[in-house]
Amino acid sequence: MAGVIPDAPVDVLIVDDDPLVRAGLTMMLGGTPDIRVVGEAGDGAEVLPLVDRHAPDVVLMDIRMPGMDGLAATEAVRARGKAPEVIVLTTFDADRHVLRALRAGAAGFLLKDTPPEEIVAAVRLVAKGRPVLSAEVTRRLIARVADSDHDRRRDRARARLALLNDRERDVAVAVGQGRSNAEIGAVLHLAVPTVKTHVSNILTKLDLNNRVQIALLAHDAGLLD
């Protein structure tokens, strides 16, 4: 749940080319007892060395930066083993580039004008492995993305989902619909721990990072139409 304080401090790396934005985020997050800002970067090229040095739990990543942008940096970070979670920061709530970041394994995105308490809650959620992308935002984002390779992506997604058994496929569709574990359990008549097991199996079988990627795959396969 939002606002739940983890047992250990959440270490955060802030990446933004605007020093004022970095200062504001540092002040905001540093004022909480359970979140610790361990580093700052003004360019995506600085991210990997800082991740190696500080081992943050969460990276707040701006998209538009000189040098290496946040998209390339997100892909580089998430391609590593034991990668930190990434929250993409953007000024556009339907920026098509956000989808690329989500496909690379980002846990979600936040608008830069998101209220401070929501940013703090999002960092806590992501540190627990939960995405910060609502079902409504997911639908709006996907609907506005250029879809020129729709057929090829649909076929590829369906081939991947064929690796799942029937129950896992049902759970994947429900995740794509934005349902919580409790809601999935109610709809499919499953206990919540069983739903969690199915979600974990889906992530493992399909080599995915989080529920957002399950939702995107279900959408690509045309299962949410």
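This report describes a predicted model of one protein chain, going from the whole chain to two of its helical regions.

**The chain as a whole**

The protein chain contains 11 helices and five strands, and buried residues make up 46% of its 225 residues. Among the contacts with a separation of 6 or more, 68% are between residues that lie 24 or more positions apart. The chain exposes about 11,000 Å², and carbon and sulfur atoms supply 52% of that area.

**Helix 2 and its two sides**

Helix 2 covers residues 47-54, and its buried residues are V47, L50 and V51. These residues cover an arc of only 105° around the axis, which puts them on the same side of helix 2. A general rule helps in reading this pattern: an α-helix has 3.6 residues a turn, so residues three or four places apart point the same way. On the other side of helix 2, D52 and R53 are exposed. The buried residues of helix 2 pack against three strands and one helix, which are listed in the table with their residue ranges.

| Element packed against helix 2 | Residues |
|---|---|
| Strand 1 | 10-15 |
| Strand 2 | 35-41 |
| Strand 3 | 58-62 |
| Helix 3 | 70-78 |

Helix 2 is followed by A55, a residue with a positive phi, near 50°.

**Helix 10 against helix 11**

Two packed helices are described by the angle between their axes and the distance between the axes. For helix 10 (residues 192-206) and helix 11 (residues 211-220), the axes come within 10 Å and cross at roughly 70°. Because an angle from 65 to 115 degrees counts as roughly perpendicular, helix 10 is described as roughly perpendicular to helix 11. Helix 10 contributes V199, I202, L203 and L206 to the contact, while helix 11 contributes R211, I214 and L217. Sorted by type, the residues of this contact are six nonpolar, no polar and one charged.

**A closer look at L206**

Is L206, a residue of helix 10, buried or exposed? The relative accessible area of L206 is 3%, and since buried means under 20%, L206 counts as buried. When residues up to four places away in sequence are not counted, L206 touches R160, L161, L163, L164 and L217. One of these, L217, belongs to the part of helix 11 that makes the contact with helix 10. Another residue touched by L206 is R160; L206 and R160 are 46 residues apart in sequence, and their C-alpha atoms are 6.7 Å apart in space.

Technical notes: Residues numbered from 1 in each chain as written. Predicted model: local features only at pLDDT ≥ 70, side-chain atom pairs only at ≥ 80, totals over all residues. Heavy atoms only, no water. Helix = DSSP H or I, 4+ residues; strand = E, 2+ residues; numbered from the N terminus. Buried < 20%, exposed > 50% of the residue type's maximum accessible area, 1.4 Å probe, protein only. Contact = heavy atoms within 4.5 Å. Areas by Shrake-Rupley, 256 points an atom, 1.4 Å probe, with all protein chains shown as cover. Axes fitted to C-alpha atoms, helices over the stretch in contact; angles between N-to-C directions. Parallel < 35°, antiparallel > 145°, perpendicular 65-115°, else oblique. Nonpolar A, V, L, I, M, F, W, Y, C, P; charged D, E, K, R; others polar. Arc of directions from axis to C-beta.
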